[in-house]
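Shall we walk through this one together? Have a look at the sequence and the fold, and then we can trade some questions.

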Amino acid sequence: MVLDGPARSDPIFLDSRVEREQGAWVVYLEFLFDEGMQTRRIGSYRSEGKARVAAQWMSWAARREIGWPRGL
(Lines give C-alpha, C1' and ligand atoms only; values in the text may rest on other atoms or scores of the structure.)
Protein backbone atom coordinates (compact mmCIF):
# COMPACT_ATOMS: atom_id res chain seq x y z
CA MET A 1 0.00 0.00 0.00
CA VAL A 2 1.32 3.43 -0.92
CA LEU A 3 0.77 6.15 1.69
CA ASP A 4 -0.73 9.49 0.66
CA GLY A 5 0.00 11.41 3.85
CA PRO A 6 2.40 11.12 6.76
CA ALA A 7 2.90 7.74 8.37
CA ARG A 8 1.79 7.08 11.94
CA SER A 9 4.80 4.88 12.75
CA ASP A 10 8.56 5.06 12.35
CA PRO A 11 10.09 3.53 9.20
CA ILE A 12 11.01 -0.14 9.39
CA PHE A 13 13.23 -0.14 6.30
CA LEU A 14 14.45 2.27 3.64
CA ASP A 15 16.18 2.09 0.31
CA SER A 16 17.35 4.53 -2.34
CA ARG A 17 17.01 4.38 -6.10
CA VAL A 18 18.30 6.41 -9.04
CA GLU A 19 16.26 6.91 -12.21
CA ARG A 20 16.80 8.83 -15.42
CA GLU A 21 14.12 11.48 -16.04
CA GLN A 22 14.13 14.09 -18.80
CA GLY A 23 17.90 14.05 -19.25
CA ALA A 24 18.74 14.17 -15.53
CA TRP A 25 19.38 11.53 -12.87
CA VAL A 26 16.91 11.66 -9.98
CA VAL A 27 17.39 10.23 -6.48
CA TYR A 28 14.45 8.79 -4.53
CA LEU A 29 14.28 7.43 -1.00
CA GLU A 30 11.68 4.74 -0.36
CA PHE A 31 10.45 4.16 3.20
CA LEU A 32 8.59 1.09 4.44
CA PHE A 33 6.20 1.61 7.36
CA ASP A 34 3.78 -0.68 9.16
CA GLU A 35 1.00 1.05 7.19
CA GLY A 36 2.64 0.86 3.75
CA MET A 37 5.35 2.45 1.61
CA GLN A 38 6.25 6.07 0.90
CA THR A 39 8.58 7.45 -1.79
CA ARG A 40 10.29 10.84 -1.54
CA ARG A 41 12.09 12.61 -4.40
CA ILE A 42 15.39 13.93 -3.08
CA GLY A 43 16.83 15.79 -6.08
CA SER A 44 18.18 15.63 -9.61
CA TYR A 45 21.79 15.52 -10.81
CA ARG A 46 23.52 15.94 -14.16
CA SER A 47 25.49 12.71 -13.98
CA GLU A 48 24.58 9.22 -12.87
CA GLY A 49 27.72 9.01 -10.74
CA LYS A 50 26.83 12.11 -8.72
CA ALA A 51 23.27 10.85 -8.29
CA ARG A 52 24.51 7.49 -6.97
CA VAL A 53 26.86 9.20 -4.50
CA ALA A 54 24.00 11.42 -3.32
CA ALA A 55 21.71 8.40 -2.97
CA GLN A 56 24.29 6.60 -0.84
CA TRP A 57 24.82 9.61 1.43
CA MET A 58 21.09 10.20 1.82
CA SER A 59 20.53 6.52 2.66
CA TRP A 60 23.27 6.59 5.28
CA ALA A 61 21.87 9.76 6.86
CA ALA A 62 18.30 8.46 6.92
CA ARG A 63 19.36 5.09 8.34
CA ARG A 64 21.27 6.85 11.08
CA GLU A 65 18.08 8.71 12.02
CA ILE A 66 15.83 5.63 12.16
CA GLY A 67 18.39 3.21 13.55
CA TRP A 68 19.48 0.30 11.39
CA PRO A 69 17.98 -2.25 11.00
CA ARG A 70 14.71 -1.73 12.78
CA GLY A 71 11.96 -4.26 13.27
CA LEU A 72 13.83 -7.12 11.58
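Contact here means that heavy atoms lie within 4.5 Å. Please keep in mind that this is a predicted model.

Q: In what order do the elements of the protein chain run from the N terminus on?
A: Let us start with the inventory: the protein chain has 1 helix and 3 strands. Read from the N terminus, the order of these elements is β-β-β-α.

Q: Which strands are included in what covers the buried residues of α1?
A: The residues to be covered are Ala51, Ala54, Ala55, Ser59, Ala62, Arg63 and Ile66, the buried ones of α1. They span an arc of only 160° around the axis, so they sit on the same side of α1. What covers them includes β1 (13-21), β2 and β3 (37-45).

Q: Which residues are exposed on the other side of α1?
A: The buried residues of α1 include Ala51 and Ile66. Turning to the other side of α1, the exposed residues there are Lys50, Trp57 and Arg64.

Q: How far apart are the end C-alpha atoms of helix α1, and what span should its 19 residues have?
A: Helix α1 covers residues 48-66, and the expected span follows from 1.5 Å a residue. The expected value agrees with the distance between the end C-alpha atoms, because both come to 27 Å.

Q: Which residue takes a positive phi just after α1?
A: Helix α1 comprises residues 48-66. Just after α1 there is a positive phi of about 80°, and the residue that takes it is glycine 67.

Q: Is alanine 51 buried or exposed?
A: Alanine 51 is part of helix α1. Leaving aside neighbours within four places in sequence, it is in contact with Val18, Trp25, Val27 and Tyr45. The C-alpha atoms of alanine 51 and valine 27 are separated by 6.2 Å, although the two are 24 residues apart along the chain. With a relative accessibility of 0%, alanine 51 counts as buried.

Q: How far apart in space are leucine 29 and alanine 55, C-alpha to C-alpha?
A: Leucine 29 belongs to strand β2 and, at 5% relative accessibility, counts as buried. Not counting residues up to four places away in sequence, it touches several residues, among them Leu14, Ile42, Met58 and Ala62. Alanine 55 is 26 residues from leucine 29 in sequence, yet the distance in space is 7.8 Å.

Q: Where is leucine 32, and which residues form a nonpolar patch on the surface with it?
A: Leucine 32 is found in strand β2, residues 24-32. Its relative accessibility is 36%, so it counts as partly exposed. The patch has about 230 Å² of accessible area together, and leucine 32 forms it with Phe13 and Met37.

Q: Which residues are linked in a network of salt bridges?
A: Side chains of opposite charge can pair when their charged atoms come close. Arginine 17 meets glutamate 19 in a salt bridge at 2.1 Å, N to O, and also meets glutamate 30 at 2.5 Å. The network therefore rests on these two pairs, and its members are Arg17, Glu19 and Glu30.Q: How many residues apart in sequence are the parts that glutamate 30 and arginine 17 tie together?
A: The side chains of glutamate 30 and arginine 17 meet in a salt bridge. Glutamate 30 is in strand β2 and arginine 17 in strand β1, so the parts that the pair ties together are, in sequence, 13 residues apart.

Q: Is glutamate 30 buried or exposed?
A: Its salt-bridge partner arginine 17 is partly exposed, with a relative accessible area of 24%. Glutamate 19 is at 31% and counts as partly exposed. Buried means under 20% relative accessible area, and glutamate 30, at 18%, counts as buried.

Q: Which residue forms a salt bridge with glutamate 48?
A: Glutamate 48 counts as partly exposed, at 32% relative accessibility. The partner lies 4 residues away in helix α1, which means a separation of about one helical turn. The closest N and O atoms are 3.0 Å apart, and the partner is arginine 52.

Q: How many salt bridges does a search of the whole structure find?
A: One of them joins glutamate 48 and arginine 52, and others join arginine 17 to glutamate 19 and to glutamate 30. For the whole structure, the search finds 3.

Terms used: Residues are numbered from 1 along each chain as its sequence is written. This is a predicted model: local features need pLDDT of at least 70, side-chain atom pairs count only at pLDDT 80 or more; totals for chains, interfaces and linings use all residues. Side-chain values use heavy atoms; hydrogens and water are left out. Patches are made of residues with over 30% relative accessible area and no salt bridge: like charges are joined within 9 Å, nonpolar side chains (Val, Leu, Ile, Met, Phe, Trp, Tyr) within 5 Å. Accessible areas come from the Shrake-Rupley method with a 1.4 Å probe; for residues, only the protein chains shown count as cover. A salt bridge is a side-chain nitrogen of Lys or Arg within 4 Å of a carboxyl oxygen of Asp or Glu. Buried means under 20% relative accessible area, exposed over 50%, partly exposed in between (1.4 Å probe, protein chains only). The expected span of a helix is 1.5 Å times one less than its number of residues. The arc is that of the directions from the helix axis to the C-beta atoms.
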